[in-house]
Amino acid sequence: MSYLVVLVVDDPDDCPKILDAWAKIGVSGATLLNSTGMGRIKKAGLLDDLPLLPNLQNFLSVREEAHRTILSVVEDEALVEKMTEIAQHIIGDLDEPHTGFLFVVPVLKAYGLGRK
């Protein structure tokens with residue numbers, strides 16, 4: 001079975017270290033997305049000026065406090081455990097504030113992973 005590992009990293013500077021370490025243990029690919037959490041937007045006071053029913057333009061017009069979200073599909077649960085250990089070694093205990101957030105989802109089918 002394949003697994004989708006989703007890691008939201010609080011400090012974007014940690015991403016290269018995580019990706020390098022994951023590659024060394026056999027992770028063949030990952031996608032990075034810029035992301036911002038609702039808590040960070042609220043903390044920065046960026047929601048104060050938004051209307052009750054905001055549209056996408058309302059969110060694009062405010063200064064964002066960035067996270068990075070890393071997505072990777074892997075085929076082995078043991079690899080997921082190693083990825084989690086590495087992430088926590090680099091960014092700290094995920095149960096502590098301002099480190100990150102990681103979750104894993106089973107993938108029933110995946111296409112385009114380059115595997116034959």
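**Figure 1. A nonpolar patch on the surface, formed by Phe 101, Phe 103 and Val 105.** In this predicted model, the side chains of Phe 101, Phe 103 and Val 105 make a nonpolar surface patch of about 260 Å². To find your way, look for strand E4, which spans residues 100-107 and holds Val 105. How accessible is Val 105? Its relative accessible area is 33%, and because a patch takes residues with over 30%, Val 105 passes that cut-off. Val 105 counts as partly exposed.

**Figure 2. Leu 102, a buried residue of strand E4.** Stay with strand E4 for this view, where Leu 102 is found. Leu 102 has a relative accessible area of 19%, so this residue counts as buried, since the limit for that class is under 20%. Val 105, in the same strand E4, is partly exposed instead. Now look for Ile 70: the C-alpha atoms of Leu 102 and Ile 70 lie 9.4 Å apart in space, with their positions 32 residues apart in sequence.

**Figure 3. Val 5 and Ile 70, brought together from separate parts of the chain.** Ile 70 appears again here, this time with Val 5 as its partner. The two are 65 residues apart in sequence, yet 7.8 Å separates their C-alpha atoms. Val 5 belongs to strand E1, which covers residues 2-9. Is Val 5 buried or exposed? With a relative accessible area of 0%, Val 5 is buried.

**Figure 4. Ala 66 and Asp 10, another pair that is distant in sequence.** Ala 66 sits in a loop, with helix H3 (56-60) on one side and strand E3 (67-74) on the other. At a relative accessible area of 34%, Ala 66 is partly exposed. Its C-alpha atom is 7.9 Å from that of Asp 10, although 56 residues separate the two in sequence.

**Figure 5. The salt bridge of Lys 17 and Asp 14.** How many salt bridges does a search of the whole structure find? The search finds 1, and this view shows it: Lys 17 pairs with Asp 14, their closest N and O atoms being 3.3 Å apart. Side chains of opposite charge can pair when their charged atoms come close. The two partners differ in how they are covered. Asp 14 is buried, at 12% relative accessible area, whereas Lys 17 is partly exposed, at 46%.

**Figure 6. Helices H1 and H4 crossing.** Helix H1 runs through residues 15-24 and helix H4 through residues 77-91. Their axes come within 10 Å and cross at roughly 150 degrees. H1 and H4 are therefore roughly antiparallel to each other. The crossing of H1 past H4 is right-handed.

**Figure 7. His 98, a residue with a positive phi.** Follow the chain from H4 towards E4, and the loop between them holds His 98. What is the phi of His 98? The angle is positive, about 60 degrees, although His 98 is not a glycine. His 98 is exposed, with a relative accessible area of 59%.

**Figure 8. The whole fold, for placing the close-ups.** The protein contains 4 helices and 4 strands. Along the sequence, these elements follow the pattern β-α-β-α-α-β-α-β. Of the 116 residues, 29% are buried. Among the buried residues shown above are Val 5, Asp 14 and Leu 102.

Definitions and conventions:
Residues are numbered from 1 along each chain as its sequence is written. This is a predicted model: local features need pLDDT of at least 70, side-chain atom pairs count only at pLDDT 80 or more; totals for chains, interfaces and linings use all residues. Side-chain values use heavy atoms; hydrogens and water are left out. Patches are made of residues with over 30% relative accessible area and no salt bridge: like charges are joined within 9 Å, nonpolar side chains (Val, Leu, Ile, Met, Phe, Trp, Tyr) within 5 Å. Accessible areas come from the Shrake-Rupley method with a 1.4 Å probe; for residues, only the protein chains shown count as cover. A salt bridge is a side-chain nitrogen of Lys or Arg within 4 Å of a carboxyl oxygen of Asp or Glu. Helices (H or I, at least four residues) and strands (E, at least two) are DSSP runs, numbered from the N terminus. Buried means under 20% relative accessible area, exposed over 50%, partly exposed in between (1.4 Å probe, protein chains only). Axes are lines fitted to C-alpha atoms, for helices over the stretch in contact, and angles run from 0 to 180 degrees between N-to-C directions. Angles under 35 degrees count as roughly parallel, over 145 as roughly antiparallel, 65 to 115 as roughly perpendicular and the rest as oblique. A crossing is left-handed if the near helix is turned anticlockwise from the far one by less than a right angle, and right-handed if clockwise.
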